[in-house]
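Visitor: Please choose one part of this model and look at it closely with me, saying what each term means as you go.

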Amino acid sequence: MPNSKFLKSSFNDRDEYPCPLCRVGKIRHMTLMEAMSCDFCHQIFTADIEQQEIKMPSRQPPLIWRWNGFHWAEAQLEGVKLGWGYIMAALAFIFLPTALMGGIAYHFPLKADAPLTWIPYIWTGLTCFSHFVIIFWLVLEIYQIPVMAYWRAIQQRLISN
Ligand SMILES: [Zn+2]
(Lines give C-alpha, C1' and ligand atoms only; values in the text may rest on other atoms or scores of the structure.)
Protein backbone atom coordinates (compact mmCIF):
# COMPACT_ATOMS: atom_id res chain seq x y z
CA MET A 1 0.00 0.00 0.00
CA PRO A 2 1.21 3.56 -0.56
CA ASN A 3 2.42 5.08 2.73
CA SER A 4 -0.50 7.38 3.37
CA LYS A 5 -4.02 7.62 2.09
CA PHE A 6 -3.69 11.38 1.88
CA LEU A 7 -0.31 11.66 0.18
CA LYS A 8 -0.16 11.37 -3.57
CA SER A 9 2.20 8.54 -4.45
CA SER A 10 3.56 7.34 -7.73
CA PHE A 11 2.94 3.80 -8.86
CA ASN A 12 5.78 1.30 -8.64
CA ASP A 13 5.65 -2.46 -8.89
CA ARG A 14 7.21 -3.07 -5.44
CA ASP A 15 4.22 -1.83 -3.41
CA GLU A 16 0.77 -3.26 -2.88
CA TYR A 17 -2.17 -1.68 -4.61
CA PRO A 18 -5.91 -2.32 -4.55
CA CYS A 19 -7.04 -4.55 -7.38
CA PRO A 20 -8.79 -2.37 -9.98
CA LEU A 21 -10.79 -5.29 -11.29
CA CYS A 22 -12.42 -6.93 -8.28
CA ARG A 23 -11.75 -3.99 -5.90
CA VAL A 24 -11.48 -6.55 -3.13
CA GLY A 25 -7.98 -8.04 -3.33
CA LYS A 26 -4.55 -6.49 -3.43
CA ILE A 27 -2.22 -6.67 -6.39
CA ARG A 28 1.47 -7.18 -5.80
CA HIS A 29 4.57 -8.05 -7.76
CA MET A 30 4.96 -11.72 -8.69
CA THR A 31 8.33 -13.23 -7.84
CA LEU A 32 10.60 -13.74 -10.87
CA MET A 33 8.00 -12.30 -13.21
CA GLU A 34 7.40 -8.95 -14.84
CA ALA A 35 3.82 -8.99 -13.71
CA MET A 36 1.54 -8.29 -10.77
CA SER A 37 -1.31 -10.46 -9.61
CA CYS A 38 -4.35 -10.10 -7.40
CA ASP A 39 -4.54 -12.20 -4.23
CA PHE A 40 -8.32 -12.43 -4.52
CA CYS A 41 -9.41 -12.75 -8.17
CA HIS A 42 -5.98 -14.08 -9.33
CA GLN A 43 -6.03 -11.82 -12.36
CA ILE A 44 -2.58 -11.03 -13.78
CA PHE A 45 -1.58 -7.49 -14.76
CA THR A 46 1.51 -6.13 -16.48
CA ALA A 47 2.86 -2.90 -15.06
CA ASP A 48 4.10 0.07 -17.06
CA ILE A 49 5.88 2.25 -14.49
CA GLU A 50 6.75 4.99 -16.97
CA GLN A 51 3.11 5.46 -17.99
CA GLN A 52 1.85 4.74 -14.42
CA GLU A 53 -0.44 2.11 -15.89
CA ILE A 54 -1.33 -1.51 -15.48
CA LYS A 55 -2.70 -3.61 -18.28
CA MET A 56 -4.80 -6.74 -18.13
CA PRO A 57 -3.49 -8.74 -21.10
CA SER A 58 -5.78 -11.73 -20.66
CA ARG A 59 -8.41 -10.14 -22.87
CA GLN A 60 -8.31 -8.42 -26.27
CA PRO A 61 -8.17 -5.49 -26.54
CA PRO A 62 -6.51 -5.28 -23.11
CA LEU A 63 -8.06 -3.22 -20.34
CA ILE A 64 -5.85 -0.46 -18.95
CA TRP A 65 -6.02 1.41 -15.64
CA ARG A 66 -3.95 4.49 -14.88
CA TRP A 67 -2.73 5.28 -11.36
CA ASN A 68 -3.59 8.91 -10.55
CA GLY A 69 -1.62 9.07 -7.30
CA PHE A 70 -4.53 7.98 -5.11
CA HIS A 71 -6.46 5.28 -6.90
CA TRP A 72 -6.92 3.62 -10.28
CA ALA A 73 -8.68 5.75 -12.85
CA GLU A 74 -11.53 4.01 -14.62
CA ALA A 75 -10.71 1.24 -17.06
CA GLN A 76 -10.07 1.95 -20.70
CA LEU A 77 -9.86 -0.42 -23.61
CA GLU A 78 -6.54 -0.09 -25.39
CA GLY A 79 -7.05 1.80 -28.63
CA VAL A 80 -10.82 2.15 -28.09
CA LYS A 81 -12.55 5.33 -27.00
CA LEU A 82 -16.09 4.79 -25.80
CA GLY A 83 -17.56 8.22 -26.52
CA TRP A 84 -20.97 9.82 -26.50
CA GLY A 85 -21.85 8.13 -29.79
CA TYR A 86 -21.90 4.73 -28.08
CA ILE A 87 -23.90 6.04 -25.13
CA MET A 88 -26.48 7.63 -27.45
CA ALA A 89 -26.68 4.43 -29.50
CA ALA A 90 -27.19 2.38 -26.33
CA LEU A 91 -29.96 4.73 -25.12
CA ALA A 92 -31.60 4.65 -28.56
CA PHE A 93 -31.41 0.85 -28.55
CA ILE A 94 -33.31 0.79 -25.25
CA PHE A 95 -35.84 3.59 -25.78
CA LEU A 96 -36.72 3.60 -29.51
CA PRO A 97 -38.29 0.11 -29.58
CA THR A 98 -39.98 0.86 -26.24
CA ALA A 99 -41.44 4.11 -27.64
CA LEU A 100 -42.58 2.26 -30.76
CA MET A 101 -44.36 -0.45 -28.72
CA GLY A 102 -45.82 2.08 -26.32
CA GLY A 103 -46.97 4.34 -29.18
CA ILE A 104 -48.73 1.47 -30.92
CA ALA A 105 -50.38 0.36 -27.68
CA TYR A 106 -51.54 3.93 -27.00
CA HIS A 107 -52.76 4.88 -30.50
CA PHE A 108 -54.44 1.58 -31.34
CA PRO A 109 -56.12 0.61 -28.07
CA LEU A 110 -58.00 -2.65 -27.93
CA LYS A 111 -61.74 -2.57 -27.23
CA ALA A 112 -62.42 -2.42 -23.52
CA ASP A 113 -64.27 -5.75 -23.56
CA ALA A 114 -61.58 -7.56 -25.55
CA PRO A 115 -59.67 -10.27 -23.67
CA LEU A 116 -56.08 -9.70 -22.58
CA THR A 117 -56.11 -5.90 -23.09
CA TRP A 118 -53.14 -5.63 -20.74
CA ILE A 119 -50.78 -7.51 -23.07
CA PRO A 120 -49.60 -4.45 -25.11
CA TYR A 121 -48.60 -2.65 -21.91
CA ILE A 122 -46.79 -5.66 -20.46
CA TRP A 123 -45.13 -6.11 -23.85
CA THR A 124 -43.91 -2.48 -23.81
CA GLY A 125 -42.40 -2.99 -20.36
CA LEU A 126 -40.78 -6.25 -21.45
CA THR A 127 -39.30 -4.52 -24.52
CA CYS A 128 -37.68 -1.85 -22.35
CA PHE A 129 -36.44 -4.39 -19.81
CA SER A 130 -35.01 -6.87 -22.32
CA HIS A 131 -33.20 -4.16 -24.30
CA PHE A 132 -31.77 -2.76 -21.06
CA VAL A 133 -30.54 -6.23 -20.08
CA ILE A 134 -28.77 -6.60 -23.44
CA ILE A 135 -26.93 -3.27 -22.97
CA PHE A 136 -26.11 -4.13 -19.34
CA TRP A 137 -24.71 -7.50 -20.43
CA LEU A 138 -22.63 -5.82 -23.15
CA VAL A 139 -21.11 -3.41 -20.61
CA LEU A 140 -20.27 -6.33 -18.30
CA GLU A 141 -18.68 -8.18 -21.22
CA ILE A 142 -16.68 -5.18 -22.50
CA TYR A 143 -15.27 -4.36 -19.09
CA GLN A 144 -15.20 -8.00 -17.89
CA ILE A 145 -16.70 -6.94 -14.60
CA PRO A 146 -16.18 -10.00 -12.40
CA VAL A 147 -19.69 -10.44 -11.03
CA MET A 148 -18.75 -13.76 -9.45
CA ALA A 149 -15.72 -12.19 -7.70
CA TYR A 150 -17.95 -9.50 -6.19
CA TRP A 151 -20.42 -12.15 -5.10
CA ARG A 152 -17.67 -14.25 -3.47
CA ALA A 153 -16.36 -11.14 -1.68
CA ILE A 154 -19.82 -10.30 -0.34
CA GLN A 155 -20.30 -13.88 0.87
CA GLN A 156 -16.87 -13.92 2.57
CA ARG A 157 -17.60 -10.62 4.31
CA LEU A 158 -20.95 -11.91 5.54
CA ILE A 159 -19.34 -15.09 6.86
CA SER A 160 -16.45 -13.30 8.58
CA ASN A 161 -18.75 -10.81 10.33
ZN1 LIG B 1 -8.69 -8.75 -7.96
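Guide: If a disulfide is taken as a pair of cysteine sulfur atoms within 2.5 Å, the count here comes to zero disulfides. This is a predicted model, in which local features need pLDDT of at least 70 and side-chain atom pairs count only at pLDDT 80 or more, while totals for chains, interfaces and linings use all residues. Residues are numbered from 1 along each chain as its sequence is written, and side-chain values use heavy atoms, with hydrogens and water left out.

The part to look at is the zinc site, with what adjoins it in the chain. The zinc ion has as its protein donors the SG atoms of Cys-19, Cys-22, Cys-38 and Cys-41, which lie 2.2 to 2.3 Å from the ion; donors are N, O and S atoms within 2.8 Å of the metal (3.2 Å for Na, K and Ca), and as water is not among the atoms, sites may look incomplete. Along the chain, these donors follow the spacing C-x2-C-x15-C-x2-C. The angles that the four donor atoms subtend around the zinc ion run from 104 to 114 degrees, and the arrangement is therefore tetrahedral, a term that requires all angles of four donors to lie between 85 and 135 degrees. For comparison, the ideal angle for four tetrahedral donors is 109.5 degrees.

Cys-22 counts as buried because its relative accessibility is 0%, and Cys-41 counts as buried at 18%; buried means under 20% relative accessible area, exposed over 50%, and partly exposed in between, with a 1.4 Å probe and protein chains only. Cys-38 is buried as well.

Asp-39 follows Cys-38 in the numbering, and it leads from the zinc site to a set of charged side chains. Glu-16, Arg-28 and Asp-39 are linked in a network of salt bridges, a salt bridge being a side-chain nitrogen of Lys or Arg within 4 Å of a carboxyl oxygen of Asp or Glu. One contact in this network joins Arg-28 to Glu-16, at 2.2 Å from N to O. Arg-28 belongs to strand 2 (residues 26–29) and Glu-16 to the segment before strand 1 (17–18), so the pair ties together parts that are 12 residues apart in sequence; strands are DSSP runs of E with at least two residues, numbered from the N terminus. The other contact is between Asp-39 and Arg-28, whose closest N and O atoms are 3.6 Å apart. This pair again links distant parts of the chain, since Asp-39 sits in the loop between strand 3 (36–38) and strand 4 (44–48), 11 residues from Arg-28 in strand 2.

How far are these charged residues exposed or buried? Glu-16 counts as partly exposed because its relative accessibility is 23%, and so does Arg-28 at 34%, while Asp-39 is partly exposed with a relative accessible area of 41%. The search of the whole structure finds three salt bridges; one of them lies outside this network and joins Arg-66 to Glu-53, at 2.5 Å from N to O. Arg-66 is in strand 6 (residues 63–66) and Glu-53 in strand 5 (residues 53–56), so this pair ties together parts 13 residues apart in sequence.

Terms used. Four donors count as tetrahedral if all angles lie between 85 and 135 degrees; four count as square planar and six as octahedral if opposite donors are over 155 degrees apart and all others between 65 and 115; anything else is irregular. Helices (H or I, at least four residues) and strands (E, at least two) are DSSP runs, numbered from the N terminus.
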